[in-house]
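Colleague: I should like to go through this model with you, beginning with its pocket and then turning to its core.

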Amino acid sequence: MGRFIEIYIRCDIGVCQERDPQGLYKKALSGLIKDFTGISSPYESPEDPELIIDTESTHLEDCVDIIFSYLINNAIIPK
């Protein structure tokens, strides 16, 4: 296959912090983790992803369905 598919899993940084079960954002904000993407290191959104999944407004099961549909519709995986 060898094809690269860029899927942008979009989520606001505040929501990412709320969902952080390991407390990595809290550690990064307190300086315990250096070069943490989105906190002390910049984050750059993809310029032209094949697929964008907004996890703030879409339930997990629906996100998975969107990805599987994309893969099936583009003949990357069989139906």
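Colleague: Which element gives the largest share of the lining of the largest pocket?

Modeller: In this predicted model, the largest pocket is lined by Tyr-8, Ile-9, Arg-10, Cys-11, Asp-12, Ile-13, Cys-16, Tyr-25, Thr-37, Gly-38, Tyr-43 and Ser-45. Two elements, strand S1 (7–10) and helix H1 (13–18), give two or more residues to that lining. The largest share, three residues, comes from S1.

Colleague: How many residues of each class does the lining of the largest pocket have?

Modeller: The pocket in question has a volume of about 220 Å³. Tyr, Ile and Cys count as nonpolar, whereas Arg and Asp count as charged and Gly as polar. By class, the lining has two charged, three polar and seven nonpolar residues.

Colleague: Which element gives the most to the largest nonpolar core?

Modeller: That core has six residues, namely Leu-51, Ile-53, Cys-63, Tyr-70, Leu-71 and Ile-76. At least two residues each are supplied by strand S2 (51–54) and helix H3 (60–73). With three residues, the element that gives the most is H3.

Colleague: Which residues form the covered face of S2?

Modeller: In a regular strand, side chains alternate between the two faces of the sheet. In S2, Ile-52 and Asp-54 make up the uncovered face. The covered face is formed by Leu-51 and Ile-53.

Colleague: What is the bridge partner of Ile-7 in S2?

Modeller: S1 and S2 run parallel and are joined by four bridges. Tyr-70 touches one of the S2 residues, Leu-51. In S2, Ile-7 has as its bridge partner Leu-51.

Terms used. Residues numbered from 1 in each chain as written. Predicted model: local features only at pLDDT ≥ 70, side-chain atom pairs only at ≥ 80, totals over all residues. Heavy atoms only, no water. 1 Å grid on protein atoms, 1.4 Å probe; cavity = no way out; pocket = protein on both sides within 12 Å on 5 of 7 lines; lining within 4 Å. Points joined across faces, edges and corners; volume = space filled by probe spheres on them. Core = buried A, V, L, I, M, F, W, Y, C linked by side-chain atoms within 4.5 Å. Buried < 20%, exposed > 50% of the residue type's maximum accessible area, 1.4 Å probe, protein only. Contact = heavy atoms within 4.5 Å. Pairing = 2+ DSSP bridges. Lists of a residue's contacts leave out its neighbours within four places in sequence.
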